[in-house]
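User: Hi! I have a two-part wish for this one: a close look at a single contact, and then a friendly walk outward from there. Here is what I am looking at.

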Amino acid sequence: MRTRECTGVRDLLPRYCEDGLDAPEISAVEAHLASCSECAEFRNRLVSSWNLLDSWDVPDPPLGFSGRILARLHEERRNVWLRKALPAAALLLIMLGLVWLSVSSDRERSDNLAGRTLTSPQQVVGQPPASEEEIIATLELLEEKEFYDNIEELKKIDYLPLVDEKENGRDNRDNRSQALEVYSS
Amino acid sequence: MEDTDRLLMERVRKGDEKAFEMLVARHQRMVYSLACRFMNDEHEADDIAQETFIRVYRAASSYVPTAKFSTWLYTIVRNLCFNAIRKRNTARILPLDDEAVPEPVSPAASQLEVLLGNQIRDRIAAAVAKLPENMRLAVLLHKFNGMQYDEIAEIFQCSVNAVKLRVHRAKAILAAELGDLKDET
């Protein structure tokens with residue numbers, strides 16, 4: 001019949017079999033084994049089953065084991081190279097395509113320009129030159145425009161009699177003209 | 001042995017393929033047999049062993065010899081084995097009954113020995129397969145790969161006592177499963 005002592009000894013038996021117990025424990029276990037046939041039988045089973053594992057043979061690695069590993073590595077390296085090379089190649093192709101497009105459009109444009117100068121030289125040459133009056137009038141217009149654009153600066157001058165821009169329903173341009181007249185007088 | 005492994009790894013790190021081949025040749029048998037016993041399947045063991053060495057090669061550039069090379073190597077095997085087990089949705093059912101083993105009509109004495117040997121091997125494999133994964137691997141590393149408890153603890157990243165406890169419990173389980181085999185043989 002299994003007692004509490006049996007349970008305790010059976011817990012110690014694996015260590016006992018490995019010489020992992022200290023002297024008092026060894027004495028206690030051996031005393032119990034001498035008096036308990038069931039635990040002694042369990043000890044025998046413990047040892048025999050552990051030793052039985054030695055008979056568990058497994059085959060060697062299959063033939064060409066290391067060769068297949070190296071083949072896999074070579075394949076992997078090739079794939080890595082391809083993974084790196086393909087985007088680079090694609091990028092290069094795109095860049096080449098862009099350069100080609102740019103060059104061809106430049107050439108087309110220059111061809112067109114050359115065509116124009118060759119086909120209508122008379123239009124350019126035959127146009128009468130602008131008179132001095134026309135040039136001065138244009139410049140005055142430009143100055144005037146610049147002046148109107150800077151009207152805000154004029155508003156800051158104290159003595160300038162400014163007219164309200166909304167007065168009498170006139171538009172801004174009229175007000176500016178009025179201001180100009182006052183200022184110039 | 002350990003120094004040689006480190007030197008070989010140093011050479012592998014520099015891209016020496018011959019050194020890698022030597023490393024594989026030195027450890028392939030132990031790695032394969034461990035995977036074979038753990039998975040109880042030669043094809044899966046082949047895959048795991050190959051993948052182990054592939055990972056060794058990949059990690060060679062970052063390998064720092066803080067621990068024994070074999071400890072590092074078996075840590076890789078452990079991870080791959082556990083992953084493979086996880087991939088198995090259902091537990092592998094081993095032929096435990098005699099009906100599953102092909103029986104010759106009139107076996108000669110040598111055939112009978114082979115048959116008996118196969119039966120014993122199957123019983124052992126089945127008993128070991130019943131062990132929880134951590135316990136199983138600890139037993140295999142201790143029994144077949146000659147690893148000490150402290151080395152196994154490093155692989156499992158647990159205490160030495162935890163490993164001892166696992167192995168001792170496994171021994172008790174195996175005694176219950178295989179204890180009767182000694183009488184049969």
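Which side chain meets that of B:K130 in a salt bridge, and what is the N to O distance? Please start there and then build up the surroundings for me.

Analyst: Happy to. One caution before we begin: this is a predicted model, and everything below is computed from it. The partner you are asking about is B:E177, whose side chain meets that of B:K130 with 3.2 Å from N to O. B:K130 belongs to helix 5 (residues 109-130) of chain B, while B:E177 belongs to helix 8 (residues 160-178) of chain B, so this salt bridge ties together parts that are 47 residues apart in sequence. As for its surroundings, B:E177 counts as partly exposed because its relative accessibility is 28%.

Staying with helix 8 of chain B, we also find B:A162 there. B:A162 is partly exposed as well, since its relative accessibility comes to 26%. If you want a distance to check in your viewer, take the C-alpha atoms of B:A162 and B:Y149: they are separated by 9.2 Å, and these two residues sit 13 residues apart along the chain.

A second salt bridge in chain B makes a nice companion to yours. B:R26 pairs with B:D5, and the closest N and O atoms there are 3.0 Å apart. B:R26 is in helix 2 of chain B and B:D5 is in helix 1 (residues 2-13) of chain B, so that contact ties together parts 21 residues apart in sequence. The two ends sit in contrasting settings: B:R26 has a relative accessible area of 30% and is therefore partly exposed, whereas B:D5, at 1% relative accessibility, counts as buried.

Following helix 2 of chain B to its end brings us to a loop. B:N40 is found between helix 2 (17-39) and helix 3 (42-59) of chain B. Its backbone deserves a glance, as the phi of B:N40 is near 55°, a positive value in a residue other than glycine. With a relative accessible area of 21%, B:N40 is partly exposed; the cut-off for buried is under 20%.

Beyond that loop, helix 3 of chain B holds a salt bridge within a single element. B:R55 and B:E51 are both in this helix, 4 residues apart, or about one turn. An α-helix has 3.6 residues a turn, so residues three or four places apart point the same way. In this pair, the closest N and O atoms of B:R55 and B:E51 are 3.3 Å apart. B:E51 is buried because its relative accessible area is 16%, while B:R55, at 34%, is partly exposed.

That pair also leads us into chain A. B:E51 and B:R55 are linked with B:R58, A:R72 and A:E76 in a network of salt bridges. Over all chains, a search of the whole structure gives 22 salt bridges.

Now for chain A itself. It has 8 helices and 0 strands, and buried residues account for 18% of its 185 residues. Near its start, A:D19 is in the loop between helix 1 (4-17) and helix 2 (23-35) of chain A. A:D19 is another residue other than glycine with a positive phi, here near 60°. A:D19 counts as exposed because its relative accessibility is 70%.

Helix 3 of chain A (residues 37-52) lends itself to a quick geometry check. At 1.5 Å a residue, its 16 residues should span 22 Å, and the C-alpha atoms at its ends are 22 Å apart, so the two agree. Among the buried residues in helix 3 of chain A are A:C39, A:F42, A:L46, A:W50 and A:L52.

Two surface patches round off the tour. The nonpolar one, about 480 Å², is made by A:I94, A:L98, A:W100 and A:L101. A:I94 is part of helix 4 (residues 65-119) of chain A, and its 53% relative accessibility is why it counts as exposed. The charged one is negative and gathers A:E140, A:E143, A:E144 and A:E146 on the surface. Within that patch, A:E144 is placed in helix 6 (residues 132-149) of chain A. A:E144 counts as partly exposed because its relative accessibility is 32%.

Methods. Residues are numbered from 1 along each chain as its sequence is written. Chains are lettered from A and ligands numbered from 1 in the order in which they are written. This is a predicted model: local features need pLDDT of at least 70, side-chain atom pairs count only at pLDDT 80 or more; totals for chains, interfaces and linings use all residues. Side-chain values use heavy atoms; hydrogens and water are left out. Patches are made of residues with over 30% relative accessible area and no salt bridge: like charges are joined within 9 Å, nonpolar side chains (Val, Leu, Ile, Met, Phe, Trp, Tyr) within 5 Å. Accessible areas come from the Shrake-Rupley method with a 1.4 Å probe; for residues, only the protein chains shown count as cover. A salt bridge is a side-chain nitrogen of Lys or Arg within 4 Å of a carboxyl oxygen of Asp or Glu. Lys and Arg count as positive and Asp and Glu as negative; His and the chain ends are not counted. The place of a charge is taken as NZ of Lys, CZ of Arg, CG of Asp or CD of Glu. Helices (H or I, at least four residues) and strands (E, at least two) are DSSP runs, numbered from the N terminus. Buried means under 20% relative accessible area, exposed over 50%, partly exposed in between (1.4 Å probe, protein chains only). The expected span of a helix is 1.5 Å times one less than its number of residues.
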